[in-house]
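Q: Could you take a close look at one part of this model and explain how its residues are arranged? I would like a connected account rather than a list.

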Amino acid sequence: MPHPVIPLTPQEAAQWAARSGLPLPVDRHAAVAATAQHIHSVVSVLRELDFGDTPPAAAYRLGEEKPDAAV
């Protein structure tokens with residue numbers, strides 16, 4: 001089920017940035033809100049992927065893969 005992308009206003013972006021210790025100049029609020037909105041929409045799509053049988057990266061062992069010339 002997709003996570004809803006709730007619009008982030010420039011004022012909210014400025015508040016979250018300030019809470020994180022990154023105060024923004026007023027002229028950057030809209031750009032930061034748009035960028036955060038885009039990142040959130042991309043991450044929402046990634047959350048839909050099924051990685052059921054994919055082992056975590058820590059389980060990968062260099063050199064254990066079998067060579068395969070097929071592309």
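A: What follows is a close reading of one helix and its surroundings. The model is a predicted one, and the part chosen here is helix 1, which spans residues 10–19. Within helix 1, Ala13, Ala14 and Ala17 are buried; seen down the axis of the helix, the buried residues fall within an arc of 100°, so they line one face. The general geometry helps here, because an α-helix has 3.6 residues a turn, so residues three or four places apart point the same way. On the other side of helix 1, Gln11, Gln15, Trp16 and Arg19 are exposed, and two of these residues are also related through their side chains, since the charged end of Arg19 sits over the ring of Trp16, 5.3 Å from its centre.

Turning back to the buried face, what covers its residues includes helix 2, residues 29–46. His29 belongs to helix 2, and His29 counts as buried because its relative accessibility is 17%, with the cut-off for buried set at under 20%. Leaving aside neighbours within four places in sequence, His29 is in contact with Pro10, Ala13, Ala14 and Leu24, and Ala13 and Ala14 are among the buried residues of helix 1. With Leu24 there is also a polar approach, in which the backbone oxygen of Leu24 lies 3.3 Å from a polar atom of the His29 side chain. Finally, just after helix 1, Gly21 takes a positive phi of about 85°.

Note on methods. Residues numbered from 1 in each chain as written. Predicted model: local features only at pLDDT ≥ 70, side-chain atom pairs only at ≥ 80, totals over all residues. Heavy atoms only, no water. Buried < 20%, exposed > 50% of the residue type's maximum accessible area, 1.4 Å probe, protein only. Helix = DSSP H or I, 4+ residues; strand = E, 2+ residues; numbered from the N terminus. Arc of directions from axis to C-beta. Contact = heavy atoms within 4.5 Å. Lys NZ or Arg CZ within 6 Å of the ring centre and 35° of its normal. Polar contact = N/O pair within 3.5 Å; in protein donor to acceptor, adjacent residues only side chain to side chain.
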